[in-house]
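Please look over the sequence and structure below. The report that follows covers a sheet, a ligand shell and one aspartate.

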Amino acid sequence: MSHLVELSHATKRFVKAGGGIHVAAADITMTVDPGEFVAVVGPTGCGKSTTLSLVSGLEPPSGGAVRVNGAPVQGIPDGVGYMFQADAMLPWRNVLANVAAGPIWRGMAKADAHAKAMDWITRVGLSGFEKSYMHQLSGGMRKRVALAQTLVTEPKILLMDEPFSALDVQTRALMQNELLDLWSGTGTAVIFVTHDLEEAIVLADRVVVMTASPARIKDDFRINLSRPRNVEELRLTPEFIETYSKIWQSLSSEVATARAQGASRVA
Ligand SMILES: Nc1ncnc2c1ncn2[C@@H]1O[C@H](COP(=O)(O)OP(=O)(O)OP(=O)(O)O)[C@@H](O)[C@H]1O
């Protein structure tokens, strides 16, 4: 059976600025099925974003294979949505125009795209702000716009690279709950990269732990916490704490290795 996303011994090498080769991802084999929420954690700079860019088609693999919907990734595959740490909104356009831009770019008539965009603006709780510009919105509101902008295209696969890391703790929890509500029942597969193990566990069905650079897959933990979830309450449960300590045992040694690598680089 083919999987929605399939990385098979995928490797990514970059040519370093001063010459030489840097292996950012090595021998990555993993699959993601429709409706699965997979979080990827690993130490800073290990190659998490690089792995995501192989799935998005932004970077071709140097070795191995990457397939989406059973076909090798060549360029940006259909049905893939992205959300990054930095927002991708145009400051001279209002919320409605920003959210409608994707569907219009894909050929939808303007009136239909605006109707669809309004629906998503309402779903993310921003009804009444459709005429606002980005500088008039709080950080949390801008993230809601980014969510609407991504989900309006109804992606089959949603790639998220630390989308909430710039938010304060409370807004972050709010957005995590919001994401789970919006995602629930859609059948969309999510690959969510984060530094934050707590965030990974409260959101995901699986937490994939990557090694210190070059990124390899060290462990793939199934998260057996029931849904629907309230992320703030979940963090206090014994089940969460037990899951956290189990995964931290795997992750902590990689964090220590990455720190040692960093120390030797600046020494
Ligand atoms: N286009 C590129 N050219 C050269 N090197 C690159 C390129 N993209 C990434 N790298 C290098 O590959 C390594 C992995 O980077 P990547 O951004 O994938 O890590 P990450 O785990 O997502 O990091 P962080 O947790 O800090 O966001 C880094 O050393 C980075 O400098």
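## The open sheet

Four strands form an open sheet in the order E2-E1-E4-E5, with antiparallel pairing. Strands are DSSP runs of E, at least two residues long, and helices are runs of H or I of at least four, numbered from the N terminus. Two strands pair if DSSP finds at least two bridges between them. E2 and strand E5 (71-72) are the edge strands, each pairing on one side only. Strand E1 (residues 5-15) joins strand E4 (residues 63-68) through five antiparallel bridges. Ser8 stands opposite Ala65 in E4.

This is a predicted model: local features need pLDDT of at least 70, side-chain atom pairs count only at pLDDT 80 or more, and totals for chains, interfaces and linings use all residues. Residues are numbered from 1 along each chain as its sequence is written.

## The ligand shell

The residues around the ligand (C-beta atom, placed from the backbone, within 6 Å of it) include Phe14, His22, Lys48 and His195. Strand E2 (21-32) and helix H1 (48-56) each give two or more residues to this shell. H1 gives the most, with three.

## Asp219

Asp219 sits in strand E10 (residues 217-222). Is Asp219 buried or exposed? Asp219 counts as partly exposed because it has 16 C-beta neighbours inside 10 Å. The cut-offs are 20 or more other C-beta atoms within 10 Å for buried, 12 or fewer for exposed, and in between for partly exposed, with C-beta atoms placed from the backbone.

Leaving out residues up to four places away in sequence, Asp219 touches Val209 and Ser250. Contact here puts C-beta atoms, placed from the backbone, within 7 Å.

Notes
Contact = placed C-beta atoms within 7 Å.
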